[in-house]
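Trainee: I'd like a close look at just one part of this protein. Please pick a spot and take me through it slowly.

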Amino acid sequence: IVHEQFHVFQRTKHPGWRQNDGVLLFYPEETKEALFLRRTEKEAFKRAVLSTDNKELAGWALTALDYRKKRLDMLPAPFGNYEKDLQHTEGLSDYIERIARGVDPLNASNMTNGIAPAGVRDLGYWEGRWIAMILDRLKPDWKNYLENNDTLYLEDILETALRNSTLKKQTFTPKEISQLRLDANNDFDEWQLKKAGEIERYNSLP
């Protein structure tokens, strides 16, 4: 109920916060590289949320934004903007809901590992919530700032909060990167086989 009430607040106070889910019908075909980058980006955000030290948190957030920028640069602008709009709507609503319910912020986070476009839409909930949680620690006044500057995206505010030359990015080990890439490649290949089977079964129907 809280989640849906926050949507009412958004529509009333911030009518520009509305993603166009129709773009998912034309979302670019998934690739192994895009899936790898999306999962690595998510893992970096997750590590930021789990960090107990704010410098480490900021370092993982910087790394996450780097992977995110690399991934979004591969997409036409409307699809990248869709993801940012989704953080405004579903991400913030999920953030409010999880606070109200006192639910583990990582609960069921594997749902975001799916293939695009479904995996992309799921990710908007989680990354929107996680960026809000990161901002709670790095820029506690972010809610008032966003309320008065509602054309900004959450990641714009995060980038401003991270604008400090003394911050050091956190890095994955070569072994971690290799495993993330291997898992993404295997899941992509498995999905291709599953998709081919579904199409074949559909075509064989009367």
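Mentor: One word first: contact means heavy atoms within 4.5 Å. What you see is a predicted model, where local features need pLDDT of at least 70 and side-chain atom pairs count only at pLDDT 80 or more, while totals for chains, interfaces and linings use all residues. Residues are numbered from 1 along each chain as its sequence is written, and side-chain values use heavy atoms, with hydrogens and water left out.

Let's look at H2, a helix (a DSSP run of H or I, at least four residues, numbered from the N terminus). H2 covers residues 32–50, and its axis comes within 10 Å of the axis of H5, residues 118–138, crossing at roughly 30°. That makes H2 roughly parallel to H5, a label for angles under 35 degrees. The crossing of H2 past H5 is left-handed, so the near helix is turned anticlockwise from the far one by less than a right angle.

Now zoom in on the contact itself. From H2, the residues taking part include Arg 38, Glu 41, Phe 45, Lys 46 and Val 49. On the H5 side, Leu 123, Glu 127, Trp 130 and Ile 134 are among them. Sorted by class, this H2–H5 contact has 9 nonpolar, 1 polar and 6 charged residues.

Those charged residues lead us to salt bridges (a side-chain nitrogen of Lys or Arg within 4 Å of a carboxyl oxygen of Asp or Glu). Inside H2, Lys 46 pairs with Glu 43 at 3.4 Å, N to O. Lys 46 and Glu 43 are 3 residues apart in the helix, which means about one helical turn between them. Glu 43 is buried at 17% relative accessible area, where buried means under 20%, exposed over 50% and partly exposed in between, with a 1.4 Å probe and protein chains only.

H2 also reaches along the chain: Glu 33 makes a salt bridge with Arg 181, 2.9 Å from N to O. Glu 33 is in H2 and Arg 181 is in H8 (residues 174–203), so this pair, 148 residues apart, links distant parts of the chain. Glu 33 is partly exposed at 27% relative accessibility, and Arg 181 is partly exposed at 32%.

Finally, go back to Glu 41 in H2 and Glu 127 in H5. Both belong to a network of salt bridges that also includes Arg 68, Arg 71, Glu 83 and Glu 155. Within that network, Glu 83 meets Arg 71 at 2.8 Å, N to O. Glu 83 sits in H4 (residues 77–101) and Arg 71 in H3 (residues 54–72), and both residues are buried.

Conventions: Axes are lines fitted to C-alpha atoms, for helices over the stretch in contact, and angles run from 0 to 180 degrees between N-to-C directions. Helices (H or I, at least four residues) and strands (E, at least two) are DSSP runs, numbered from the N terminus. Angles under 35 degrees count as roughly parallel, over 145 as roughly antiparallel, 65 to 115 as roughly perpendicular and the rest as oblique. Ala, Val, Leu, Ile, Met, Phe, Trp, Tyr, Cys and Pro count as nonpolar, Asp, Glu, Lys and Arg as charged, and the others, Gly among them, as polar.
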